[in-house]
Each structure stands twice: as structure tokens, then as C-alpha cells.
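The exercises below ask for burial, helix packing and charged pairs to be read from a set of coordinates. Each task is followed by a solution that goes step by step.

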Amino acid sequence: MNNKNYYAIILCGGSGTRLWPFSRSNKPKQFLKFDSSLTLFQKTFNRVSQLVAKDKIYIVTNVEYYYEVKGQLIDINDDAIENIICEPIAKNTLPAITYAVNEIEKKCKTAVIGTFSSDHEIESPNEFKEIYDRAVFFAKKNYLVIFGIKPTEPNCGYGYIKPGEKVSSEFDNLFTVDKFIEKPNLADAENFIRDGYFWNTGMFVFTASCFLRLIKKYQPSVYNLFQNDNSIEMKDLYDQLPSISIDCGLVEKIDNCIVISTNLVWTDLGTWNSVHNFFTKRNNECNSRSKFIGNIISEDVSNSLIWSN
């Protein structure tokens, strides 16, 4: 990679409750394999390594998952093992991202950083890289760029983004953010699709300096805690942090957030229904909208996900 100031953060926490019983508290879904030889976390790492150098990818996890993260990285790569950041307590995405950005900024003041969840599935890697490069271009102009997906259905499990005005006359998929909406009911979700809203992926691109400047302004207590001179133990520091998402704690407050929209095939695989939809749309077996994983014998089955482990 020629872009020495490009970095990435992969968030790798979770409680393992969303796809029970396949996902458990000791092994949440990012560490599991979905119809692949690689786990979601490993696939995310490989996908992100097409955007930034492997040794510039930082993994934020908690102490319980450290050895799982380390082991899965060793299976596919060993360059980034030193970049595993362990939170002593889970405090949601804002503290996790701030922790990592602060560490990256110490090494590279001009860092351009992408943040990614470890448990998402994304297809079309070439298109993803093209969209990411465009996001980087605008992040360097002091925007915080969020990825928005054009919805394919009225999904009540995702947050939505209401786009505002176009940001650039050169590109027709960049907009100011008018409003963020948490997971809606079905009627609202149907209206959002009609009105041109996007799914909120939770993936961002920004410069370290821009992010820390915004944190200092809108979350000064968080900023000050992470700017300490190592005089506070990390456990004590985390005890003082609020548990707050980056959306609520920062993104919804600022005026320089823009959304870049795309038709990428994306899902956060947060429910069994989303798992079923993803697999059947990608690989329709006999037009039955069914997906069979494992040693399955079926007869006259349709619209089903059957998983034998």
C-alpha cells in the first residue's frame, strides 16, 4: 500500500445474543463461519486489508475475546497482532473508536481512518474499494463520511439516514445528513424507502484530527480522559466513561457529517431473517428461497433456512 497514512479500526465486541443459539456470549457471530471457510471477522479483516496496509488495521475488542481475535488473525495473517486494543469494559462504540483513534493519532498525526464492524457481510469488493476511495477524498476535506446503503426492503432492524442536499456537483451519491432515525416500525420503514432514505451501515471515514477535534467539542469529558498522560489506569478510565454510541454521542450532533450512498449488497446479519435473506438473494437454490447448510435431507421445503451444525 502506498498510502502510509491510511488506517482502519475494526470493532470486535458484542454479546452473542442476536443469533442465539448459533452465537453465544463466549463466541459472538463475528467469530463464526457462515457458509464460508472464514469467519465474519476474518472476512472483514481481509476486506479491509484491500483498503489499508495490514499493519495499520487496529482491532478493538474486550479482554474476553483477546485470544479468539489473536488466534483467528494468526490463521490468516500475523502482521496486525500487535494492533489488538483490549477494552477493560464494553462502553459502546464512541469510547471504543475514540480509544483507537487516540492510539493511531499518536503514531500518525495525518491519519485517515475507516471504521468497520467485524460482523457485517459485504459483496462486490471492487465496488466497495471505489466507494471507499471516494469517501477518503471527502474525509480529507474535514468531513466525517458515513456509508449509506440504498434499501432493498423495508427492514425494521436497521437505522436509517435521511439525506439532505447534494455535496458535490461532480458526484450524485454524496449528500449532507438531514436526520438519523433509529430502527423504525414497518409503516415508517416503507415510507423511508419511498422517500429515498438510506440504511445506516455504521461505517465511517474521517481524519484523526477531525475526529478528535469533534470529540473535544461535543464530548469533552471523553476527550480529556483519553488525553491523560497515562496517569490513569485504563480500568479506572473506563469506569468514568459513559456508555454511548458514536451515533448518539457525536454524529447526530455535528454539522460536517455527509453520507455516501451505494447499492452494495450489505447486511449486518443481525437476525436469522437477515441471514436467510442474504443467502437466498445471493444464491437462490431451485428458486425456493431456501438455504441449507450442513447435512440436510429435505422434501418440499420453501422459504426456509435450515442449519445443521
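A residue is called buried when its relative accessible area is under 20%, exposed when it is over 50%, and partly exposed in between (1.4 Å probe, protein chains only). This is a predicted model, in which local features need pLDDT of at least 70 and side-chain atom pairs count only at pLDDT 80 or more, while totals for chains, interfaces and linings use all residues. Residues are numbered from 1 along each chain as its sequence is written, and side-chain values use heavy atoms, with hydrogens and water left out.

**Exercise 1. Describe the chain as a whole.**

Step one is to list the secondary structure, taking helices (H or I, at least four residues) and strands (E, at least two) as DSSP runs numbered from the N terminus; the chain has ten helices and 13 strands. Step two is burial: 52% of the 309 residues of the chain count as buried. Step three concerns contacts, meaning heavy atoms within 4.5 Å: among those between residues at least 6 apart in sequence, 73% join residues at least 24 apart.

**Exercise 2. Determine how helix α1 is placed, and which elements surround its buried residues.**

Begin with the residues themselves: Leu40, Phe41, Gln42, Lys43, Thr44, Phe45, Arg47 and Val48 are the buried residues of α1. Because these make up eight of the nine residues in the helix (residues 40–48), α1 is largely enclosed by the rest of the structure. Next, look for the partners of the buried residues, which pack against the strands β1 (6–11), β2 (57–62), β4 (112–117) and β5 (121–122), and against the helices α2 (66–76) and α4 (125–139).

**Exercise 3. Characterise the crossing of α1 and α2.**

First take the axes, which are lines fitted to C-alpha atoms, for helices over the stretch in contact, with angles running from 0 to 180 degrees between N-to-C directions. The axes of α1 and α2 come within 10 Å and cross at roughly 55°. Angles under 35 degrees count as roughly parallel, over 145 as roughly antiparallel, 65 to 115 as roughly perpendicular and the rest as oblique, and α1 and α2 are therefore oblique to each other. Then examine the residues that meet: Phe41, Gln42, Phe45 and Asn46 on the α1 side, and Val69, Gln72, Leu73, Asp75 and Ile76 on the α2 side.

**Exercise 4. Compare the settings of salt bridges in the structure, which holds seven.**

A salt bridge is a side-chain nitrogen of Lys or Arg within 4 Å of a carboxyl oxygen of Asp or Glu. Start with Glu121 and Lys43, whose closest N and O atoms are 2.9 Å apart. This pair links distant parts of the chain, since Glu121 lies in strand β5 and Lys43 in helix α1, 78 residues apart. Glu121 counts as buried because its relative accessibility is 3%, and Lys43 is buried as well, with a relative accessible area of 19%.

Continue with Asp133 and Lys129, which meet in a salt bridge at 3.0 Å, N to O. Both lie in helix α4, four residues apart, about one turn of the helix. Asp133 is partly exposed at 36% relative accessibility, and Lys129 is partly exposed with a relative accessible area of 36%.

Finish with Asp178 and Lys162, whose closest N and O atoms are 3.4 Å apart. Asp178 lies in strand β8 (residues 174–181) and Lys162 in strand β7 (residues 160–166), so the pair ties together parts that are 16 residues apart in sequence. Asp178 counts as partly exposed at 48% relative accessibility, as does Lys162 at 29%.

Methods
A crossing is left-handed if the near helix is turned anticlockwise from the far one by less than a right angle, and right-handed if clockwise.
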